[in-house]
Amino acid sequence: MGFEEVFPRTLKEALDSITKIPTYGERGAVRFVYNLLKLAPEEREKVIESLREASRRLRPCKECFLLTEGDICSVCSDPRRMKQFICVVEESQDAYTIERLERYRGVYHVLQGRIAPLEGVSPEDLTVDRLLERIGKYRAKEVIVATNPNAEGEATANYLIRLIKDRFPKVKVSRISYGLQFGALIELADEVSLEKSFENRK
Ligand SMILES: [Zn+2]
């Protein structure tokens, strides 16, 4: 009897499918699948059902690419959020980290990744064109580049800063990496709320 007969086909397929998730190698797949199978059947079904629901219902916001269950996310559709302030992040989860502070009153722009030449990810693979379009459309006052504080995040930030300064010389471009400079973010949030209180007075 060979290994092929011992190793269940459905198990192989489950492992292979998890391996397709970026950053999940074989070890990640093994950890996920075997531990899932250890759960009681009804618990396991709940996990699978929640993933199915998330997969079915979540999509990128048509405006900023933040994950949403509708067409437009709740940040973009909130009239109190100032569209002239755009905070650029790599992924939705980065925006949620900032959002958790409940201080930032601007909007977001999710790049859906970062420039990574070694992995073949170039600016064209990200939502850069749409960002430039939004800067123009909303007459942005400030773009806050909050990509991650690693080599690729820095390279992406440098690329964006140069591009925005070139296309929109009047727009202020600032760089924060919230991982390192949480304080800077708070300051920024205060700056934006201050701006709003000024606007409200007019
Ligand atoms: Zn949105």
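1. A word on terms before we start: two residues are in contact if their C-beta atoms, placed from the backbone, lie within 7 Å. With that in hand, have a look at helix α7 (residues 151-167), which lies across β3 (82-89), β5 and β6. The helix runs at about 170° to β6. Please keep in mind throughout that this is a predicted model.

2. The strands under α7 belong to an open sheet of four strands, with parallel pairing, in the order β4-β3-β5-β6. The edges are taken by β4 (106-110) and β6 (172-175); each has a single partner strand, so one side of each is left without a neighbour in the sheet. On average, neighbouring strands of this sheet are turned by 25° against each other, direction ignored.

3. If you would like to trace one pairing by eye, try β5 (residues 142-145) and β6, which run parallel and are joined by four bridges. Valine 145 is a handy place to look: its bridge partner in β6 is arginine 175.

4. Now to the edge strand β4, where histidine 109 has its place. Is histidine 109 buried or exposed? The cut-off for buried is 20 or more other C-beta atoms within 10 Å. Histidine 109 has 28 C-beta neighbours inside 10 Å and therefore counts as buried. Leaving aside neighbours within four places in sequence, its contacts are Cys64, Phe65, Ile86, Val88, Thr127, Leu131 and Arg134. Take arginine 134 from that list: 25 residues separate it from histidine 109 in sequence, yet their C-alpha atoms are 9.1 Å apart in space.

5. Helix α6 (residues 128-137) deserves a moment too. Which of its residues are buried? They are Val128, Leu131 and Ile135. These three cover an arc of only 55° around the axis, which means that they sit on the same side of α6. In an α-helix there are 3.6 residues a turn, so residues three or four places apart point the same way. The cover over the buried residues of α6 includes β3, β4, β5 and α7. On the face turned away from the buried side you will find the exposed residues Asp129, Glu133, Gly136 and Lys137. After α6 comes arginine 139, whose phi is positive, near 45°.

6. Finally, helix α3 (residues 26-38). Its 13 residues, at 1.5 Å a residue, should span 18 Å, and the end C-alpha atoms are 18 Å apart, so the expected span and the model agree. How many of the 13 residues of α3 are buried? The count is zero, and α3 is hardly covered.

Notes:
Residues are numbered from 1 along each chain as its sequence is written. This is a predicted model: local features need pLDDT of at least 70, side-chain atom pairs count only at pLDDT 80 or more; totals for chains, interfaces and linings use all residues. Two strands pair if DSSP finds at least two bridges between them. Helices (H or I, at least four residues) and strands (E, at least two) are DSSP runs, numbered from the N terminus. Axes are lines fitted to C-alpha atoms, for helices over the stretch in contact, and angles run from 0 to 180 degrees between N-to-C directions. A residue is buried if 20 or more other C-beta atoms lie within 10 Å of its own, exposed if 12 or fewer, and partly exposed in between; C-beta atoms are placed from the backbone. The arc is that of the directions from the helix axis to the C-beta atoms. The expected span of a helix is 1.5 Å times one less than its number of residues.
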